[in-house]
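Visitor: I would like a close look at a single part of this protein, please. Could you show me the model and then walk me through that part and its surroundings?

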Amino acid sequence: MHISSGRWMYGLLLALTTSVLWGILPIKLKEVLQVMDPVTVTWYRLAVAGSLLFAYLAATRRLPRFRPLGRKGGWLLALAIGGLTANYVLYLVGLNLLSPGTTQLVIQVAPILLLISSLFVFRERFSLGQAIGLMVMLLGFGLFFNQRLSELLTSLTTYTTGVLTVLAAAFVWTFYGLAQKQLLTSWNSVQVMMVIYLACALLLTPWAQPMQVLELSPLQGWLLLACCLNTLVAYGAFAEALAHWEASRVSATLALTPLVTFGSVALASTWWPDHVLPEQVNWIAYTGAIVVVLGSAFTALGPSLMAALRARGARRQIGI
């Protein structure tokens with residue numbers, strides 16, 4: 001069993017770095033999507049990140065061997081490739097229809113779906129604390145969509161289509177997450193991501209239009225490069241954070257990502273109003289976003305918090 005190094009300050013810094021990088025990502029993607037289609041943007045992100053990982057593994061002579069996977073591993077790899085490819089494309093399609101903040105908040109459903117799926121696939125336990133966190137999240141979503149709840153439930157508008165598309169992206173990401181968790185028994189995380197990234201890029205090649213990059217403005221070109229590197233650096237910081245800090249605390253820190261997006265949009269819309277539009281939500285929706293983040297964090301920390309409460313109760317009973 002993996003034991004964290006105990007350098008929690010370093011782990012916190014890395015987790016916050018990941019949260020910031022993921023938080024500002026949809027703002028950059030939104031600008032690039034004005035010229036490039038979602039499939040082509042995804043192709044560039046995966047191809048660049050996968051190629052850099054390939055170069056690193058080749059230089060360190062740590063390229064993965066496929067024989068240990070076997071037939072079962074091959075099916076798991078295919079499931080992970082299909083799930084991540086669909087997730088990336090659907091996320092960008094949804095982002096094209098929604099604001100960055102709304103998209104980032106809705107995608108928070110993904111780790112919750114993974115948690116629920118793990119209950120059935122890996123027979124993991126679902127604690128009372130996690131159940132409370134899930135209920136808090138649902139309450140937060142209700143508050144966030146207070147202005148458009150009727151629209152979401154009664155008509156198929158562009159907004160509703162966007163929300164449903166991002167929910168679909170969260171759903172297919174669950175298949176990727178479950179498959180990757182099993183693949184880590186044969187490969188390390190860098191090897192898994194390299195193979196998946198390059199395979200996803202290859203899968204999208206027939207539909208990608210790489211020459212669209214020539215239509216980008218200099219700013220959009222730099223933003224596309226930043227999006228490609230974002231995937232690599234953010235996931236690297238995330239993996240390193242797990243080496244120095246407990247997974248539950250890292251996950252709770254990453255729950256701040258939607259708030260980073262909302263804050264970044266507010267600043268960017270003030271500094272670059274020609275490129276970034278402010279979020280069109282009221283104070284109830286902002287409160288709902290905070291409640292979603294709190295629910296997500298509590299879901300991640302629920303088991304630890306409940307264990308601490310039980311231990312405290314036990315100490316009181318024996319008079320310590």
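In which helix does Ser264 lie?

Guide: Happy to take you there. Please keep in mind that this is a predicted model. Ser264 lies in helix α12. Its relative accessible area is 17%, and because anything under 20% is classed as buried, Ser264 counts as buried. A polar atom of the Ser264 side chain lies 2.7 Å from the backbone oxygen of Val260. If you set aside the neighbours within four places in sequence, the residues in contact with Ser264 are Ile24 and Ile27.

Stay with helix α12 for a moment, as an aromatic residue there is worth a look. Helix α12 covers residues 257-271, and Phe262 belongs to it. The ring of Phe262 pairs edge-to-face with that of Tyr286, with 5.7 Å from centre to centre and 70° between the planes. This pair links distant parts of the chain, since Tyr286 sits in helix α13 (residues 283-317), 24 residues apart from Phe262. The partners have their own levels of cover: Phe262 is buried at a relative accessible area of 6%, whereas Tyr286 is partly exposed at 35%. Both rings also belong to a cluster, in which ring pairs link them with Phe141, Phe144, Phe145 and Tyr159.

The structure holds 10 aromatic pairs. Another of them joins Phe171 and Phe175, again edge-to-face, with centres 5.3 Å apart and an angle of 85° between the planes. Here both residues lie in helix α8 (residues 158-183), and they are 4 residues apart, about one turn of the helix. Phe171 is partly exposed, with 48% relative accessibility, and Phe175 is partly exposed too, with 35%.

Now for a helix with many buried residues to look at. Helix α9 takes in residues 189-204, which is 16 residues, and spans 22 Å from its first C-alpha to its last, close to the 22 Å expected at 1.5 Å a residue. Its buried residues include Gln191, Val192, Met193, Met194, Val195, Ile196 and Tyr197. Further along α9, Cys200, Ala201 and Leu204 are buried as well. For Cys200 the relative accessibility is 0%.

That brings us to the cysteines. A search of the whole structure finds 0 disulfides. Take Cys228, which is in no disulfide: the nearest cysteine sulfur is that of Cys227, 6.9 Å away. Since a disulfide needs sulfur atoms within 2.5 Å, that separation does not qualify. Cys228 is itself buried, at 3% relative accessibility.

Finally, let us step back to the setting of Ser264. The protein has 13 helices and 0 strands, so a run along the elements from the N terminus meets α at every step. Of the 320 residues in the protein, 46% are buried, and Ser264 is one of the buried residues. Among contacts between residues at least 6 apart in sequence, 85% join residues at least 24 apart. As for the outside, the accessible surface comes to about 16600 Å², and carbon and sulfur atoms account for 69% of that area.

Technical notes: Residues are numbered from 1 along each chain as its sequence is written. This is a predicted model: local features need pLDDT of at least 70, side-chain atom pairs count only at pLDDT 80 or more; totals for chains, interfaces and linings use all residues. Side-chain values use heavy atoms; hydrogens and water are left out. Rings of Phe, Tyr and Trp (its six-membered ring) pair if their centres lie within 6.5 Å; planes under 30 degrees apart count as stacked, over 60 as edge-to-face and the rest as tilted. Helices (H or I, at least four residues) and strands (E, at least two) are DSSP runs, numbered from the N terminus. Buried means under 20% relative accessible area, exposed over 50%, partly exposed in between (1.4 Å probe, protein chains only). The expected span of a helix is 1.5 Å times one less than its number of residues. A polar contact is a pair of N or O atoms within 3.5 Å; within protein, one must be able to donate a hydrogen and the other to accept it, and residues adjacent in sequence count only if both atoms are side-chain atoms. Contact means heavy atoms within 4.5 Å. Accessible areas come from the Shrake-Rupley method with a 1.4 Å probe; for residues, only the protein chains shown count as cover.
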